[in-house]
Amino acid sequence: MSGGRRQELAENLRHVEERLDRACRAAGRQRAEVTLVAVTKTWPATDAQLLVELGVVDLGENRDAEARAKAAQVTGARWHFVGSVQSNKAGSVARYAHLVHSVDRPSLCQALSRGAVAAGRTVGVLLQVSLDGDPARGGAPIGDLPALADRVAASPGLELRGVMAVAPLGAEPAGAFARLAEAARGLQQAHPGARAISAGMSADLEHAVAAGATHVRVGTAMLGHRPGVLR
Ligand SMILES: *Cc1c(COP(=O)(O)O)cnc(C)c1O
């Protein structure tokens, strides 16, 4: 049974790697410039462990309870938190997250910073950018980025690494990711170390790589269709 799953994951990984290789070649980029984050939400810890064994150590989750449980069970992974963080969960997230992709408000900086300091850790932070101005989908408006970036940079235990976005529903991903890349360039003027761009999921990773993404977050293409509700 688990042998079958391992083979399935290995095949999916090979296919995703082929897509990444092709996208990097088309963009004149090196494959090593792009980190593949496998989004394991809704899938069991055993799948996450199989991915680590197949060489995918960067794993993403979007809910604290699920992420915390997997972080305790899986060995050798680096955890990326890609969902919206409730402030009262920030202390927990700060104990296991290597990179939080979804910081979009000052109050969250404060809570994450406190958690990171308490845990004696440094947590990487990406600012989630809203590309469609719809606050329901998370992300800060582009105009809020400079102040938020300064806030993260001044927070003990946090390290500002760059930006993240989800392409707006129904929008053309190439245009959305180009706007994200422009926001990233703006941010780098004041924070030259903030070079990461987290963009692209199963359906649009080629567009993201073309626009300069350094991190792609791939769920469905790696693990299959998530059972039940869309999340
Ligand atoms: C679930 C999720 C992904 C992965 O999406 P797929 O379409 O399954 O590849 C990427 N980013 C975020 C923020 C997610 O919540």
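This section describes the nonpolar core, two helices, the ligand site and three individual residues of a predicted model.

In soluble globular proteins, nonpolar side chains tend to be buried together. In the present model the largest nonpolar core comprises 67 residues, and those with the most contacts inside it are Val-100, Val-103, Leu-112, Leu-127, Val-216 and Met-222. Helix 7, spanning residues 173-190, gives the most to this core, with 7 residues. Leu-127, one of the residues with the most contacts inside the core, touches His-101 and Val-103, a group from Leu-145 through Leu-148 and Ala-149 to Val-152, and further Leu-160, Gly-162, Val-163, Met-164 and Leu-187, when residues up to four places away in sequence are not counted.

Several of these partners of Leu-127 belong to helix 6 (residues 145-153), whose buried residues are Leu-145, Leu-148, Ala-149 and Val-152. Because these residues cover an arc of only 100° around the axis, they lie on the same side of helix 6. An α-helix has 3.6 residues a turn, so residues three or four places apart point the same way. The exposed residues Pro-146 and Ala-147 are carried by the face of helix 6 turned away from its buried side, while the cover over the buried residues includes strand 4 (97-103), helix 5 (106-119), strand 5 (123-128), strand 6 (158-164) and helix 7.

A comparable description can be given for helix 3 (residues 64-73), in which Asp-64, Glu-66, Ala-67 and Lys-70 are buried. Seen down the axis, the buried residues of helix 3 fall within an arc of 160°, and they therefore line one face of the helix. Ala-65, Ala-72 and Gln-73 are exposed on the other side of helix 3, and the elements covering its buried residues include helix 2, strand 2 (58-61), strand 3 (78-81) and helix 4 (90-96).

The residues around the ligand are Val-39, Lys-41, Val-82, Met-164, Met-201, Ser-202, Arg-217, Val-218, Gly-219, Thr-220 and Arg-226. Among them, Ser-202 has a side-chain N or O atom 2.5 Å from an oxygen atom of the ligand, and the side chain of Thr-220 likewise places an N or O atom 2.6 Å from a ligand oxygen, whereas a polar side-chain atom of Arg-217 lies 2.9 Å from a nitrogen atom of the ligand. Taken alone, the ligand exposes 390 Å², of which the protein buries 89%.

Three loop residues were also examined. Asp-104, in the loop between strand 4 and helix 5, has a relative accessible area of 18% and is therefore buried, the cut-off being under 20%. The side chain of Asp-104 reaches the backbone nitrogen of Gly-139 at 3.1 Å, and its contacts, not counting residues up to four places away in sequence, are with Gln-128, Gly-138, Gly-139, Ala-140 and Leu-148.

Arg-29, in the loop between helix 1 (2-27) and strand 1, is likewise buried, with a relative accessible area of 15%. A polar atom of the Arg-29 side chain lies 2.9 Å from the backbone oxygen of Ala-213; leaving aside neighbours within four places in sequence, Arg-29 is in contact with Cys-24, Val-34, Val-209, Gly-212, Ala-213 and Thr-214.

Most residues other than glycine have a negative phi. Thr-42, however, has a positive phi of about 75° although it is not a glycine. Thr-42 is found in the loop between strand 1 (35-39) and helix 2 (45-53), where it is partly exposed, with a relative accessible area of 24%.

Conventions. Residues numbered from 1 in each chain as written. Predicted model: local features only at pLDDT ≥ 70, side-chain atom pairs only at ≥ 80, totals over all residues. Heavy atoms only, no water. Core = buried A, V, L, I, M, F, W, Y, C linked by side-chain atoms within 4.5 Å. Buried < 20%, exposed > 50% of the residue type's maximum accessible area, 1.4 Å probe, protein only. Helix = DSSP H or I, 4+ residues; strand = E, 2+ residues; numbered from the N terminus. Contact = heavy atoms within 4.5 Å. Arc of directions from axis to C-beta. Polar contact = N/O pair within 3.5 Å; in protein donor to acceptor, adjacent residues only side chain to side chain. Near = heavy atom within 4 Å. Areas by Shrake-Rupley, 256 points an atom, 1.4 Å probe, with all protein chains shown as cover.
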